[in-house]
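Q: I'd like to learn how to read this model from the top down. Could you walk me through it?

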Amino acid sequence: MPKTKLAGMEIEIDEDGFIQEPDKWSKEVAEDLAKEESSVHPMSEDHWRLVNYIRDYYIKFGVAPPVRMLCKQNKFELKYVYEMFPKGPAAGACKVAGLPKPTGCV
Amino acid sequence: MTEKITVQDLGKPCEQLIDIKAGSLMALPYPYDGANDHSTIAQLKEEQKKRYEASLDGVLAIGIPKPASPAEEKALVAKFLSGLSKLLDKNDNWTFLQPLKFSLEYCARCQTCNEACPIFVSSGRQEIYRPTYRAEVLRQIVDKYLHGQSKFSRWFLGNNVELNWTTISRLAELSYRCTICRRCAQTCPVGIDNGLITHELRKLFSQELGIAARELHEVGTMQHLKVGSSTGMKPSAFMDIKKFMEEEIEEKTGRKIEIPVDKKGADILLIHNAGEYLSWPENPAAFAIIFDAAGLNWTLSSELVGYDGVNYGVWYDDVQFSRIAIKHAQIAKELKVNKIVVGECGHAHKALIVIADRVLTGDLNIPRESCMPLLEEIVFSGKLKLDPMRNNFPVTLHDPCNMVRLMGIVSPQRRILREIAPQFREMTPHGVENYCCGGGSGFAIMQSMNFPSWRSVISGRMKLKQVVDAFQDVISPDVKKFVCAPCSNCKGQFRDLLNYYDVGAKCGINYTGLVDLIVNAMVDLKQPYLEVD
């Protein structure tokens, strides 16, 4: 498994850059992931709102929320989500939120 | 012209057996007929090439870690050979032995199937993607190493295969360069099924060597059985999303519908691909609107596995396949429903309605049907008030391979579209002769390293061409139009394909399911049901 340096720590990541050691996730790790993966620096209030929403949903339900739900509950247009995270909700926002890579027919 | 790659070449170590050049691919129609800017497969990172067996074509679908020693390689080759003899034994391969043996023994090498294969043609006719190539490799291994073919026969018949780790590891990757669309089998004068050979190879690798695409096995069937869904969705998440769909339905239609869950004694257990709930919740919501309006007695299940109709086992592993199929049937039995209806998911049709017949016996053999004839019945029953002018935009239909070629479900979806979409047009070819979306056999969910790039450039190329061709007369992005793809897996592939080629901005083409279009035509909706991305 490849490793990378985030927030001054060595963290295991998968081949597509999703962190494999969820315990090591922190706000600093998220900022570094956003910078590396989406050239976002620093994360704005809306970035954090989205990331926290995804993370809370994941902790509660074991899966990232439907994109539609995520937009509706946060009153974000899908277009705006892509503006914030150009790689999209999965490869962008979920990665920054420290989730594993989405699986299944999603 | 490069030299023709032989079966023997598969076992000769080199950095990369083929290197696909952008200029050699099948040409695309306007507006993709210019430069080859969408035709380059992403390169792997150097360290990925070092870690994994990538010497087939520089693409990684499985990503087999390189064995640590020659002894380990030898052990894997031995496992392959013992697994291969099991594959040809009636005690170990009770599912597909007969068609496998038939396909190995009776191929006349006429090559009629070649031009039917979208991957072979799209790739600029790469020898290793020829549908008969991987079959021939397997056939030669069987003849030489299991049947003890004499040296003279081997010389006479041109059997030059070498069984070594290079052959085996490349063959494993090569079993993930075919979407098992089975156009080859359809066109073959004697019915040789090279798609089945792909399936049997994947099965051998998974069941005997523990080699399978991670998305299909580890986080696919394993996760499905353990957590309840290959998406990782737990029952609590399913219930949360159900509530969300009910809110959405009320907002869009003004109707308060309670989506029935775990309703004992319902007539129908409807099973969707769980990807719908997460990526396209408007699709299961549309089913709920239609079934409610038609007055059906139906239910969903919130049991583990019961809310996810996928069965990735059908693509690579009979054991995993059976575990999931049995679970689906048990849930239906406990709910005492009269039948299972499978939603818009092609491979779930194949798995639960067709192949499961091999494992479901006695009272587990519950009637299992496609949603398509039922939807047709509802649309023509007059129970829904539909105004086709609400769908007055160009629509074409993508046929999921498992519905048309495998099961012959061709006319219901067309009768519906002709009724509700005045600008419906067919793509060419269609129906049982359709082309795969390029995401079949699990490809659409295999999202790691450079495989998505190969999928967009090679395996989805023919479909892109068909869709763009179907809309040539209205190709301007100002005209909004839809590909109707009644299959979650195909929709995932369309999303990626349309995104990769920037089709929305360049041609104004979107994708949707079938029930979404039906609900969009309902006259009492205040606003359109379909949304354009």
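A: Sure. Start with the idea of paired strands: two strands pair if DSSP finds at least two bridges between them. And keep in mind that this is a predicted model.

Q: With that in hand, how many bridges join β1 and β3 of chain B, and in which sense do they pair?

A: In general, strands of a sheet pair through backbone hydrogen bonds, either parallel or antiparallel. Here strand β1 (residues 268–271) of chain B is held to strand β3 (residues 339–342) of chain B by four bridges, in the parallel sense. To see one of them, pick Ile271(B): its bridge partner in β3(B) is Val342(B).

Q: Which bridges does β3(B) make with β4(B)?

A: There the count is three, again in the parallel sense, with β4(B) covering residues 368–370. Look for Val341(B), which stands opposite Glu369(B) in β4(B). Now trace the chain between these strands: it leaves β3(B), passes through helix α16 (residues 346–354) of chain B and arrives at β4(B), and this β-α-β crossover is right-handed.

Q: Now the sheet with β5 to β8 of chain B: what is the strand order?

A: Read across it as β6-β5-β7-β8 (chain B), an open sheet of four strands with parallel pairing. β6 (424–425) and β8 (509–512) of chain B are the edge strands; each has a single partner strand, so one side of each has no neighbour in the sheet.

Q: What packs on that sheet?

A: Helix α19 (residues 411–420) of chain B does, touching β5, β6 and β7 of chain B. The direction of α19 makes about 175° with that of β5(B). For the strands themselves, follow β5 (residues 395–397) of chain B alongside β7 (residues 481–484) of chain B: they run parallel and share three bridges. One bridge to find is that of Leu397(B), whose partner in β7(B) is Cys484(B). As for side chains, in a regular strand they alternate between the two faces of the sheet.

Q: Let's zoom out. What would the radius of gyration of each chain be if it were a compact globule?

A: The idea is to set the chain's value beside that expected for its length. Chain A has 106 residues, so a compact globule would come out near 13 Å, and chain A agrees at 13 Å. Chain B has 533 residues, for which the globule value is near 24 Å; its 23 Å agrees too. As for extents along the principal axes, the C-alpha trace of chain A spans about 35 × 30 × 20 Å, and the C-alpha atoms of chain B fill a box of roughly 75 × 55 × 45 Å.

Q: And what are the chains built from?

A: Chain A has five helices and two strands, running β-β-α-α-α-α-α from the N terminus on. Chain B has 24 helices and eight strands. Burial is another handy readout: 37% of the residues in chain A are buried, and in chain B 53% count as buried.

Q: Last one: how many residues does each chain put into the contact between them?

A: Chain B brings 31 residues and chain A brings 14. On the chain B side, the helices that each supply at least two residues are α1 (46–51), α10 (217–227), α11 (235–253), α12 (275–279) and α22 (488–500). The biggest contributor to that side is α11(B), with five residues. By residue type, the chain B side divides into 13 nonpolar, 14 polar and four charged residues.

Notes
Residues numbered from 1 in each chain as written. Chains lettered and ligands numbered in written order. Predicted model: local features only at pLDDT ≥ 70, side-chain atom pairs only at ≥ 80, totals over all residues. Contact = placed C-beta atoms within 7 Å. Axes fitted to C-alpha atoms, helices over the stretch in contact; angles between N-to-C directions. Nonpolar A, V, L, I, M, F, W, Y, C, P; charged D, E, K, R; others polar. Right-handed = clockwise from strand over helix to strand, strands pointing away. Rg over C-alpha atoms; globule rule 2.2 N^0.38 Å. Buried ≥ 20, exposed ≤ 12 C-beta atoms within 10 Å, placed from the backbone.
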